[in-house]
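Reader: I should like to understand the terms used to describe this model. Please set each value against its definition.

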Number of protein chains: 2
Amino acid sequence: MKELEERIRRDGQVLAGGILKVDSFVNHQVDAALMDNCGREFARRFAHLGATKVLTAEISGIAPALTTALHLGIPVVYARKTKPITMPDQVYLTLAPSHTKGRMVELIISPEYLSHGERVLIIDDFLASGATILGLVRLAEAAGAQVIGIGTLIEKTFEGGRAALEPLGLPVESLTAIVSMDQDRITFAG
Amino acid sequence: MKELEERIRRDGQVLAGGILKVDSFVNHQVDAALMDNCGREFARRFAHLGATKVLTAEISGIAPALTTALHLGIPVVYARKTKPITMPDQVYLTLAPSHTKGRMVELIISPEYLSHGERVLIIDDFLASGATILGLVRLAEAAGAQVIGIGTLIEKTFEGGRAALEPLGLPVESLTAIVSMDQDRITFAG
């Protein structure tokens with residue numbers, strides 16, 4: 001998606017440790033209009049698959065997942081990383097390594113909002129190693145729901161996420177794909 | 001706002017300890033269309049005040065703040081509760097008590113995204129004691145920005161938040177106001 005690629009080129013910052021900082025438009029400050037356009041694009045790409053729910057992980061997946069859900073006309077569920085007191089005792093819980101936190105985090109979903117027979121579209125900000133997304137897939141499967149597709153704003157093709165997701169046999173759509181990056185230059189696929 | 005009030009009446013659950021659970025449409029599962037309507041309504045109510053940025057706190061403020069920002073055509077910044085590695089060493093940080101966590105939490109904003117001269121509209125899910133919103137006000141003031149209004153989805157009038165915000169002399173708009181609630185009944189103002 002050209003608009004997102006140009007924004008990353010202009011405002012993305014490559015930090016030490018292979019971190020791409022997009023805090024000025026995705027992760028801390030959010031460009032609402034850009035996120036709306038990304039949601040519209042995800043909705044267009046996945047419209048034919050009949051999703052009944054968008055699934056993401058807090059925190060930075062919420063914005064693109066919400067706008068995607070809006071354009072598909074379905075609800076979004078975000079997996080929590082800590083269990084709030086409003087959640088029942090029995091939950092779906094899995095562990096996934098966090099790239100930016102350097103440790104394992106919990107991903108938790110209440111059985112109230114994900115159930116057997118649902119068709120789940122997973123949306124997240126980054127596809128890096130794929131570990132968070134695989135965690136979301138496990139939660140959906142535990143709930144008896146069927147994952148029908150995966151969409152991410154930014155794929156880092158050199159971190160292996162697409163290969164990790166390949167055995168699922170699902171459509172994986174990234175709005176932008178970065179093939180290499182260093183502090184001077186971000187190179188996109190295509 | 002009638003649509004939100006009816007949804008709370010239908011799907012809200014009053015838990016022990018004065019907690020109103022709205023996890024099926026605001027806090028864990030999000031009704032994207034409803035949040036969009038709430039954002040449109042906030043935008044309508046605050047349009048004349050010339051906000052340049054929406055400010056909220058992760059996690060549950062993000063959805064209504066994003067849709068409000070979308071309808072106002074401005075960005076949203078969400079205060080983080082833990083400092084990500086992408087954030088600079090020097091930040092604006094304040095402490096606020098969390099109603100649902102039963103302890104103090106940090107609210108952190110990077111100086112990169114909130115600065116002198118900005119006109120800030122604060123949006124959050126609940127107005128209860130007002131403590132989180134007062135924390136956001138302190139962060140905005142520390143950045144030299146001017147808060148121009150405060151909007152929340154659900155005000156619990158019996159928890160004193162409006163009185164706590166009154167000295168600020170700002171417009172405070174709640175889309176719904178609950179005057180009393182117990183496990184059998186939620187009573188709205190008006």
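Author: A nonpolar core is a set of buried Ala, Val, Leu, Ile, Met, Phe, Trp, Tyr and Cys residues joined through side-chain atoms within 4.5 Å. Buried means under 20% relative accessible area, exposed over 50%, and partly exposed in between, with a 1.4 Å probe and protein chains only. The largest such core here has 74 residues, and those with the most contacts inside it are Ile8(A), Leu20(A), Leu153(A), Ile8(B), Leu20(B) and Leu153(B). The model is predicted: local features need pLDDT of at least 70, side-chain atom pairs count only at pLDDT 80 or more, and totals for chains, interfaces and linings use all residues. Residues are numbered from 1 along each chain as its sequence is written, chains are lettered from A and ligands numbered from 1 in the order in which they are written, and side-chain values use heavy atoms, with hydrogens and water left out.

Reader: What makes a residue a contact of Leu153(B)?

Author: Contact means heavy atoms within 4.5 Å. Leaving aside neighbours within four places in sequence, Leu153(B) has contacts that include Leu4(B), Val26(B), Met35(B), Cys38(B), Phe42(B) and Pro64(B). Asp124(B), Asp125(B), Leu175(B) and Thr176(B) are also in contact with Leu153(B).

Reader: Why is Glu41(A) called buried, or exposed?

Author: Glu41(A) has a relative accessible area of 16%, under the 20% limit, and is therefore buried. Glu41(A) is in helix α3 of chain A, where helices (H or I, at least four residues) and strands (E, at least two) are DSSP runs numbered from the N terminus. Apart from residues up to four places away in sequence, Glu41(A) touches Met1(A) and Leu175(A).

Reader: Why is Arg44(A) called exposed or buried?

Author: The relative accessible area of Arg44(A) is 57%, which is over 50%, so Arg44(A) is exposed. Arg44(A) also belongs to helix α3 of chain A. Between the C-alpha atoms of Arg44(A) and Thr68(A), 24 residues apart along the chain, the separation is 9.2 Å.

Reader: What class of exposure does Glu106(B) have, and why?

Author: At 35%, the relative accessible area of Glu106(B) falls between the two limits, so Glu106(B) is partly exposed. Glu106(B) is part of strand β7 (residues 103-109) of chain B. The C-alpha atom of Glu106(B) is 5.8 Å from that of Thr94(B), 12 residues apart along the chain. Not counting residues up to four places away in sequence, Glu106(B) touches Arg80(B), Lys81(B), Leu93(B), Thr94(B) and Leu95(B).

Reader: How do you know whether α3(A) and α4(A) are oblique or roughly parallel?

Author: Axes are lines fitted to C-alpha atoms, for helices over the stretch in contact, and angles run from 0 to 180 degrees between N-to-C directions. Angles under 35 degrees count as roughly parallel, over 145 as roughly antiparallel, 65 to 115 as roughly perpendicular and the rest as oblique. The axes of α3 (residues 32-46) and α4 (residues 62-72) of chain A come within 7 Å and cross at roughly 55°. The two helices are therefore oblique to each other. Residues of α3(A), including Met35(A), Gly39(A) and Phe42(A), meet residues of α4(A), including Ala63(A), Pro64(A) and His71(A).

Reader: Why is α1(A) called oblique to α3(A), or roughly antiparallel?

Author: Helix α1 (residues 2-11) of chain A packs against α3(A) at about 140°, with the axes 10 Å apart. That angle falls in none of the named ranges, so α1(A) is oblique to α3(A). Glu3(A), Leu4(A) and Arg7(A) of α1(A) make the contact with Leu34(A), Asn37(A) and Cys38(A) of α3(A).

Reader: What makes a crossing left-handed or right-handed?

Author: A crossing is left-handed if the near helix is turned anticlockwise from the far one by less than a right angle, and right-handed if clockwise. The crossing of α3(A) and α4(A) is right-handed, whereas α1(A) passes α3(A) in a left-handed crossing.

Reader: How do you know that the span of α5(A) is close to the expected value?

Author: The expected span of a helix is 1.5 Å times one less than its number of residues. Helix α5 (residues 131-142) of chain A has 12 residues and reaches 16 Å from its first C-alpha to its last, close to the expected 16 Å. Buried residues in α5(A) include Ile133(A), Leu136(A) and Leu139(A).
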